[in-house]
Structure formats: structure tokens, C-alpha cells
4 protein chains.
Amino acid sequence: MIDFLPDKPIYQQIMEKIFGDLLKGNVKPGDRLPSVREYALEFGVNANTMQRVYKELELLHLTETKRGQGTFVTEDMQRLEELREEMKQTLVTTFLNQMESFGFTEEEIIVQLSSRKRGELN
Amino acid sequence: MIDFLPDKPIYQQIMEKIFGDLLKGNVKPGDRLPSVREYALEFGVNANTMQRVYKELELLHLTETKRGQGTFVTEDMQRLEELREEMKQTLVTTFLNQMESFGFTEEEIIVQLSSRKRGELN
Amino acid sequence: MIDFLPDKPIYQQIMEKIFGDLLKGNVKPGDRLPSVREYALEFGVNANTMQRVYKELELLHLTETKRGQGTFVTEDMQRLEELREEMKQTLVTTFLNQMESFGFTEEEIIVQLSSRKRGELN
Amino acid sequence: MIDFLPDKPIYQQIMEKIFGDLLKGNVKPGDRLPSVREYALEFGVNANTMQRVYKELELLHLTETKRGQGTFVTEDMQRLEELREEMKQTLVTTFLNQMESFGFTEEEIIVQLSSRKRGELN
DNA sequence: GTGGTCTAGACCACG
DNA sequence: GTGGTCTAGACCACT
């Protein structure tokens, strides 16, 4: 299939996975995340790459670093909810824009969505 | 907002534009496309960049090159329809997978889509 | 399939066709060939392109031009035989070199040739 | 001799060399290939030219690129075998078609092949 | 250091 | 005038 959507950088993919875990509640506010080194091993990536993931998460205020203790999920539920909402809007808007830019009608979109919803989401 | 969607390379953006024109029927099968140099001027990019666009389009069998004569839109309507269908499916599937990976429920998706559909698609 | 063998220029394809006609005896020594314009029409190519074909054929001493009368196939049978022999050797040598450069064994070549020889030659 | 076989572009020649190395087993699946810049030096070509080579190899699924890490030979042995087989068939078929188009008989082909096989393959 | 993108400009083959 | 190849060199993103 056409790859108009290029591979995403590894650090983003990992970020998205962690972000997803948060949004899905797999990880709770206040939880301590694995250390950079642990995660680096788990994902099989370079420690530098994992560093960057944590750095970006912190910039989003999704995590907080406590010196010598590790990295923790923010307890700021409001922030989480905000990001979740932003994310939802962005994804939906981007999707609709793309569909429109390729000339798909609203009806086609609905039909295709309906037919997929019942299939595997993978 | 989070930039999970990084800037795409110029040549891809142009490709998508032309692809969209095709799918939307703005450009007809058999039509001669502007020359590499003409398009390069129009889009304000280097001729090499434009050349790459045409090369990629040719790999997708969307265009055909006739030596010294120019680049033409494929007359293979079936191929076009195929790509259009593939594209639709890919975009929808990718969208739903993303939504799911961030833990959005089916209902949320529907609500968000409905509220956007009536707004500007941009 | 992989196209390591890029499209040949039109004038070469036409040259080869005429050359093949000569070698196969479809055209006899001394025969008058169609005019540039006639051929250009027949092949649907630009007259310039056809001009080039004739020019190249003349360089190979396969044809002779008589002013105001047209282009004629050489009567020099020896020259024809020479070219035929050269051609055979070149094609075979090139073929074997290519096969070897891709690491095909002599046995594989023989097997593949045998299996093809009995099939359609196109 | 007649040059029906024009110079191939540099990037294709390099591609074929690497492809040959793969088919001959000089390079093993999973091996890391020299970096774009290293190869560019070795072959005395521009880095962009080498980049193109790698890109085309990737399109054939012969190599895989890992960001920031380098280019690796595919571990997909089946894909390799497929390409090898395709290549063999294409070369043989093309050869036989050419011979036929120039009016060489089956017997002539066999004789010429036999006489060459014992000589240097170059 | 790795690959990827882009520019600028030259040169060629082809029609 | 058309597309195709190649070079030289800059800059970026990623690991």
C-alpha cells in the first residue's frame, strides 16, 4: 500500500504508546514509571532515545521527575483530560481534512467507517 | 498542540495534492501534466524536487512518461479506482487504529465526528 | 518485474526492427526502403526520429542513400553477414556476462534455456 | 561494434553490482551495508547518487533502513530467492526474444553459446 | 555518524 | 523543449 504516511520516529512511537497507556488508564496518576534504562531494555532501543521520550513527556506535563527517585505520572488529572480532549480533536480534524483533500464524500466516509467499526480494529 | 504529525517533505505534499486532483477529477485520465520545469516554477520548488514527485507518481502507475513529450495521467481508470479505494481504506483504518490506541471509545469517536462534520473542514 | 533494462529509445527500437527484417530476409539487398515520411507515419513517430534511424543505418553501411531517389538496402552481402555475426556474438557474450555477474551457474543457465526454448519465444 | 546497449546510468550499475553480490552470497542477509557516505567514497560517486541506489534497493525489498543506524540486507530469504528466479527468467527470456527478433536459429544460438562457454566469461 | 530532504546548476538523450 | 542523470554542498531528524 501507499505510504504517504511515513514511518514515525521511534521516540514518538514510544511516546504515543505511553500516552495511550495513560489515556486508557493502564497507568495511574502518581505511578512511578520504569527507569530510562529499564525501558530502553524493554523496547530494545538506545538509552538516548528513551531519554528523549521522557524529556518530551515532561514537556507535556504528563510526567514529573523527582531527583534520585525516578519519573512519575502527573497527578494533574485536569491536564490529562485536556490533552485527551486536544488529542481527540486533532485526530478527528486531521482525518476529516485528509479525507476531504482526497475528494471523499461525507457519505463515503460514513459508509467506510461503519463497515470498519464492526471489523477488527487492526 | 502536540505535533505527533511532523511536517511532511515537500515532494510528498505536492504528490498528495496532485493525487487529490486526480481523485477529485480535476485532472482527467490522458491529460498532459505541466512539465517538470513549469510545475517547479508554479510551486516555487526546485526542478529536482518536482522530478521526484513525478517519479513517485509514476511508480504508483498514476502517470506515464513519454520521452521528450511530457508526463501524462494514466488512462487506466481501474488503477485509479483501486488507488482511491486503497486510500480510503487506509485512511479510515489508520484513523480508527489511532483512536483506539489512545483509548477513545466508539461513542466518543462518533460524537466528535458529528460535531466536526458540521463545522469547517479546516 | 525489475527493470534493470531500461526502455530503449524509440529510434533504436526501430533500427533493430529494420535490422531484424534485413537479417531475416524480409527485406532484400537493393530494395528501396520507404521514405522517412512514410515510415514516420507508419510507426507514428516524429520525422526527426525517423531521420535519425536512417542516419544510423547508413553509418552502419546497412543502407545507401541515392539523392532524390530514396534509401536503399546495401547490396554488400559480406557487410551484412559481418554485422549478423557481430550481432550474434555480442548478444551471446552480453547474455553470459550478465548471467555470471548475477551468480547463475552454467547449469542453471542451461536448464533455464532448455525450458524456455520449448515455450513461446514471447 | 554497434552500441545497441547504451551506457547505463551509474546508479543502476552500482545497484546491479550489489544485487549480484547478494545473489552470489558475498553479502549475507542481515549484514549491515557500508554507509551511504562510505560507499560514495569507495565508488567515487556523489553521496546523492549512492542514496538513490539504496533507495531503489529498498523499493525492491532487498534492503531495510534503520534510522540513524544504517542500511541492512533483508533477512527475507524468500524474497531474495524470488528475485533471483525472476531475474533468471527475465534475462533468459529477453535473450531468446532478442535472438529470435534478429532471426537467429535455435541451432546458431546453441553453437554460439557452446563456443563461448568454454572461453572466458568476459 | 546515519539516512533523508532540498537546492542550484550542469549536462545529456530524446523527439 | 522534454525528462533523466549527476554533482556539490547545505541542512535536518534520528540514534
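**The A–B interface and the protein surface around DNA strand E**

The contact between chain A and chain B takes 46 residues from chain A and 46 residues from chain B. The model is a predicted one. About 4800 Å² is buried between these two chains, and carbon and sulfur atoms give 70% of that area.

Charged and polar pairs also occur across this interface. The rule finds four salt bridges between chain A and chain B. In one salt bridge Lys88(B) pairs with Glu108(A), with 3.5 Å between the closest N and O atoms. Between chain A and chain B, three residue pairs are counted as being in polar contact, both residues of each pair at pLDDT 80 or more.

On the side of chain A that touches chain B, three helices each supply at least two residues: α1 (10-24), α4 (77-101) and α5 (106-117). Of the elements on this side, α4(A) gives the most, with 19 residues. By residue class, the side of chain A that touches chain B divides into 21 nonpolar, twelve polar and 13 charged residues.

The second part of the picture is DNA strand E. There are 26 residues around this strand, and those that come nearest are Ile10(B), Asn48(B), Thr49(B), Pro9(C) and Gln51(D). On the DNA side, sugar and phosphate make up 65% of the atoms of strand E that come within 4 Å of the protein.

Individual atom pairs show which parts of the strand are approached. At Ile10(B), a polar backbone atom is 2.2 Å from a phosphate oxygen of DNA strand E. Tyr11(B) approaches with its side chain, in which an N or O atom is 3.1 Å from a phosphate oxygen of the strand. For Gln51(D) the partner is a base nitrogen of DNA strand E, which is 3.3 Å from an N or O atom in the side chain of this residue.

Elements of three chains give two or more residues to the surface near DNA strand E: α1 (10-24) and α3 (47-59) of chain B, α1 (10-24) and α3 (47-59) of chain C, and α2 (36-43), α3 (47-59) and β3 (70-73) of chain D. Which element provides the largest share of this surface? That share, three residues, comes from α3(B).

What is the make-up of the surface near DNA strand E in nonpolar, polar and charged residues? The residues there divide into eight nonpolar, 13 polar and five charged. For the side of chain A that touches chain B, the corresponding division is 21 nonpolar, twelve polar and 13 charged.

How values were computed
Residues are numbered from 1 along each chain as its sequence is written. Chains are lettered from A and ligands numbered from 1 in the order in which they are written. Side-chain values use heavy atoms; hydrogens and water are left out. Contact means heavy atoms within 4.5 Å. Buried area is the accessible area (1.4 Å probe) that two parts lose on being put together, summed over both. A salt bridge is a side-chain nitrogen of Lys or Arg within 4 Å of a carboxyl oxygen of Asp or Glu. A polar contact is a pair of N or O atoms within 3.5 Å; within protein, one must be able to donate a hydrogen and the other to accept it, and residues adjacent in sequence count only if both atoms are side-chain atoms. Helices (H or I, at least four residues) and strands (E, at least two) are DSSP runs, numbered from the N terminus. Ala, Val, Leu, Ile, Met, Phe, Trp, Tyr, Cys and Pro count as nonpolar, Asp, Glu, Lys and Arg as charged, and the others, Gly among them, as polar. A residue is near a molecule or strand if one of its heavy atoms lies within 4 Å of it.
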